[in-house]
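Open the model in your viewer and keep the selection panel at hand. We will go stop by stop.

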Amino acid sequence: MSDTTSVPKAATAPSENLSWYRRLYLRVEALSSTKHALAAMLVVSVVDGSFFPVPPFALLVPMVMAQPKKWLRYAAMGTVASLAGGLLGYWLGTLINAGAVSFLNIDLNMRVQRFGIDATLGELLGQNFWVLALLCSVLPTPFKVVAIGSGMVSVPLDRFFLAAIIGRTIRFLAVSGVMRFAGPTARKWLRV
């Protein structure tokens, strides 16, 4: 393996100086230099949409740096896996919604008729949250928050999925493309 895929210097620091999240992130990133890197990235991409606290880009960045010609393949595969994880997260959100709505006795059909608004609470959340889902799918926001949140507030599945397709495709292509064409210098300013 080339020097660019080695474990970052921070990983050699005493583990008691690092947070649990940073240690986990470095462990996931270290998988990028193994023969199981692609499988690990796909698994992390799937669970990133539901509960995993480390983004798949911790693997994608060093993988593209090690094999720049595969940047488009890695981006496409990561996007598809991330979308599958997003559907899992959305489903978890709908389960949470069903439990919370019944437990807290929330009426999503309650009409809001103020400030020129005339819609149900569920309609308001569903109509406006998908824009947030789109933005947060592109920005460095935990995708699981977007996926679970969309399910929780009853964003229509087709709207959530469209936002996820657009957002995750842009994010994976952008991160992978920047690493492919800008190389190690981009890693200094690219936050993943």
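The tour below starts with the whole chain and then moves to single residues and pairs.

**Before you start**

This is a predicted model: local features need pLDDT of at least 70, side-chain atom pairs count only at pLDDT 80 or more, and totals for chains, interfaces and linings use all residues. Residues are numbered from 1 along each chain as its sequence is written, and side-chain values use heavy atoms, with hydrogens and water left out.

**Whole chain**

Show the cartoon. The protein has 8 helices and 2 strands. Their order from the N terminus is α-α-α-α-β-β-α-α-α-α. Helices (H or I, at least four residues) and strands (E, at least two) are DSSP runs, numbered from the N terminus.

Switch to a surface. About 10,600 Å² is exposed, and carbon and sulfur atoms supply 67% of it. Accessible areas here come from the Shrake-Rupley method with a 1.4 Å probe; for residues, only the protein chains shown count as cover. Of the 192 residues, 39% are buried. Buried means under 20% relative accessible area, exposed over 50%, and partly exposed in between (1.4 Å probe, protein chains only).

Among contacts between residues at least 6 apart in sequence, 70% join residues at least 24 apart. Contact means heavy atoms within 4.5 Å.

**Stop 1: S32**

Select S32. This residue is in the loop between α1 (20–30) and α2 (37–48). S32 counts as buried because its relative accessibility is 6%. Its side chain reaches the backbone oxygen of E29 at 2.7 Å. Now add L60. S32 and L60 are 28 residues apart in sequence, and their C-alpha atoms are 7.6 Å apart.

**Stop 2: aromatic pairs**

Rings of Phe, Tyr and Trp (its six-membered ring) pair if their centres lie within 6.5 Å; planes under 30 degrees apart count as stacked, over 60 as edge-to-face and the rest as tilted. By this rule there are 4 aromatic pairs.

Select W71 and F181. The ring centres are 5.5 Å apart and the planes lie at 70°, so W71 and F181 are edge-to-face. W71 is in helix α4 (residues 71–104) and F181 in helix α7 (residues 157–182), so the pair ties together parts 110 residues apart in sequence. Is F181 buried or exposed? F181 counts as exposed, at 61% relative accessibility.

Next, select Y90 and F160. Their ring centres are 5.2 Å apart with planes at 25°, so this pair is stacked. Y90 in helix α4 and F160 in helix α7 are 70 residues apart. Y90 is buried at 11% relative accessible area, and F160 is buried at 1%. Add F143: ring pairs link Y90, F143 and F160 into a cluster.

**Stop 3: charges over rings**

A charge sits over a ring if NZ of Lys or CZ of Arg is within 6 Å of the ring centre and within 35 degrees of the ring normal. Keep F143 and add R168: the charged end of R168 sits over that ring, 4.4 Å from its centre. Then select R171 and F57. The charged end of R171 sits over the F57 ring, 4.4 Å from its centre.

**Stop 4: T79**

Select T79, in helix α4. T79 counts as buried at 7% relative accessibility. Not counting residues up to four places away in sequence, T79 touches R168, T169 and F172.

**Stop 5: annotated spans**

Colour residues 37–59, 129–148 and 160–182, which UniProt lists as "transmembrane region" in an unreviewed entry. UniProt positions are given in the numbering used here, feature names are shortened, and annotations may be inferred rather than shown by experiment. Residues 160–182 are 100% helix and 0% strand, with end C-alpha atoms 32 Å apart. Residues 37–59 are 65% helix and 0% strand, with end C-alpha atoms 7 Å apart.

Methods: Polar contact = N/O pair within 3.5 Å; in protein donor to acceptor, adjacent residues only side chain to side chain.
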